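Work through the exercises below with the structure open. Each task is followed by a solution in steps.

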Amino acid sequence: MDESPILVMEGGAMRGLFTAGVLDAFMDHHFYFPKVVGISAGTLQGLGYLSRQCGRSVRVNSKYASDPQYMGVRHMIHGGSFFNFDFMFGELAHEADPFDEETFTHAEEELYAVITDCADGKPHFVSSHSMKWEDYIKVCEASCSIPLVSKPVSIGEKSYVDGGVGLPLVPLPEEFPFPHGKIVYILTRDVTYRKKPVPFWFHGLLNRVYGKKFPTVVDGMCSIPERYNTKVDRVIELEKEGKVFVIRPEQPVTVTRTERDAGKLRALHGEGYRIGMDRFDEMMRWLHEK
């Protein structure tokens, strides 16, 4: 049995700046989990963590959040996705603010990106050690492709969408498909947050877009609030029992999924960094407890 501790990161699009702040605190302590799981935006933060690029996420997001090349309705109309992944993994990652591909691909640590199969609605954990970087990029894109906001991503003969559709919030201990030790969760909402039911009109829109080809995507999206809220309560129980360690914002987060305000993004990152620093020693003691 592999008893190595595992780090799991919730999604939330631009709210991932909180996660980025926590990870920067870990990197300043030169601490890296051997196994890392990312859901949606959590996957993108995992890329920066394993590439050892402290500060890159907040630098890139605060600089480009208001840039139409980065995200926007115009790109959604012409490219099919609100977030411009071609720009993120292309010009931005290679020229404007280079991603350290070499460090990432040679890292001993393993990043699992969670994606959802459009055919059966089930989540899949894809390891960064299982394929070449150019192929893994597509997996990371799929992990962040929220239905209606982004088009499904084709990998091989199958189509995939955001990992949060098949696996809302984070995987519970029994939901991992591989052995692991203690679990540390980084969440992007405060402890009081719960999702509201999907409105009728949204259900209808999903059904109109995906109903014929991918009905399980519709079912998955519409059941997210109930599954998410149930998991939140379960994670809180596990946390109180000392079975998992949770790092989350202390106050309700006002940053939206598509936040463009650089000041708010830097502030959220700063909160994540402060909490990551404040709780680092506590986390390390917990990880080493027998």
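## Exercise 1: A strand and its partners

Strand β3 and strand β6 (residues 158-162) are joined by 3 bridges and run antiparallel. The model is a predicted one.

Task: Find which strands pair with β3, and decide whether strand β3 is enclosed or open to the surface.

Solution.

Step 1. Start from β6, where Asp162 is the bridge partner of Ile115.

Step 2. Look for a parallel partner. Strand β2 (residues 35-39) runs parallel to β3, with 5 bridges between them. Ile39 stands opposite Val114 of β3.

Step 3. Look for another antiparallel partner. Strand β4 (residues 123-127) pairs with β3 in the antiparallel sense over 5 bridges, and Val126 in β4 is the bridge partner of Ala113. The hairpin of β3 and β4 has 5 residues between the strands, and Gly121 there takes a positive phi near 75 degrees.

Step 4. Check both faces of β3. Glu110, Tyr112, Val114 and Thr116 are buried on one side, and Leu111, Ala113, Ile115 and Asp117 are buried on the other.

Step 5. Conclude. Of the 8 residues of strand β3 (residues 110-117), 8 are buried, so the strand is largely enclosed by the rest of the structure.

## Exercise 2: The nonpolar cores

Task: Identify the residues that touch the most other members of the largest nonpolar core, and the helix that gives the most to this core.

Solution.

Step 1. The largest nonpolar core has 61 residues, and those touching the most other members are Leu7, Phe26, Phe33, Tyr49, Tyr70 and Met283.

Step 2. Helix α1 (residues 16-28) gives the most to this core, with 7 residues.

Step 3. Take Phe26 as a case. Leaving out residues up to four places away in sequence, Phe26 touches Leu7, Phe31, Phe33, Tyr49, Ile186, Ile247, Phe280 and Met283.

Step 4. Another core lies apart from the largest one; it has 35 residues, including Val161, Leu169, Tyr185 and Val235.

Step 5. Relate this to a general tendency: in soluble globular proteins, nonpolar side chains tend to be buried together.

## Exercise 3: Two residues with positive phi

Task: Compare the settings of Arg52 and Leu169: is each buried or partly exposed?

Solution.

Step 1. Arg52 is not a glycine, yet has a positive phi of about 60 degrees. Arg52 sits in the loop between α2 (41-50) and α3 (56-64).

Step 2. The relative accessible area of Arg52 is 34%, so Arg52 is partly exposed.

Step 3. Leu169 also has a positive phi, near 60 degrees, and lies in the loop between α8 (163-166) and β7 (183-186).

Step 4. The relative accessible area of Leu169 is 6%. Because buried means under 20%, Leu169 counts as buried.

## Exercise 4: Salt bridges across the chain

Task: For the salt bridges of Glu175 and Glu250, find the partner, the location of each residue and its exposure.

Solution.

Step 1. Glu175 forms a salt bridge with Lys231, with the closest N and O atoms 2.8 Å apart. Glu175 is in the loop between α8 and β7, while Lys231 is in helix α11 (residues 224-240); the two are 56 residues apart.

Step 2. Glu175 is partly exposed, at 30% relative accessible area, whereas Lys231 is buried at 7%.

Step 3. Glu250 forms a salt bridge with Arg274, the closest N and O atoms being 3.0 Å apart. Glu250 is in the loop between β8 (244-247) and α12 (262-278), and Arg274 is in helix α12, 24 residues apart.

Step 4. Both ends of the pair are partly exposed: Glu250 at 49% and Arg274 at 36%.

Step 5. Set these pairs in context. The structure has 14 salt bridges, and Arg56, Arg59 and Asp97 are linked in a network of them.

## Exercise 5: A patch on the surface

Task: Locate the nonpolar surface patch that includes Leu205, and state how exposed Leu205 is.

Solution.

Step 1. The patch consists of Trp201, Leu205 and Val209, which together have about 320 Å² of accessible area.

Step 2. Leu205 lies in helix α9 (residues 200-210).

Step 3. The relative accessibility of Leu205 is 36%, so Leu205 counts as partly exposed.

Note on methods:
Residues numbered from 1 in each chain as written. Predicted model: local features only at pLDDT ≥ 70, side-chain atom pairs only at ≥ 80, totals over all residues. Heavy atoms only, no water. Patch = residues over 30% accessible without salt bridge, like charges linked within 9 Å, V, L, I, M, F, W, Y side chains within 5 Å. Areas by Shrake-Rupley, 256 points an atom, 1.4 Å probe, with all protein chains shown as cover. Salt bridge = Lys/Arg side-chain N within 4 Å of Asp/Glu carboxyl O. Helix = DSSP H or I, 4+ residues; strand = E, 2+ residues; numbered from the N terminus. Buried < 20%, exposed > 50% of the residue type's maximum accessible area, 1.4 Å probe, protein only. Core = buried A, V, L, I, M, F, W, Y, C linked by side-chain atoms within 4.5 Å. Contact = heavy atoms within 4.5 Å. Pairing = 2+ DSSP bridges.
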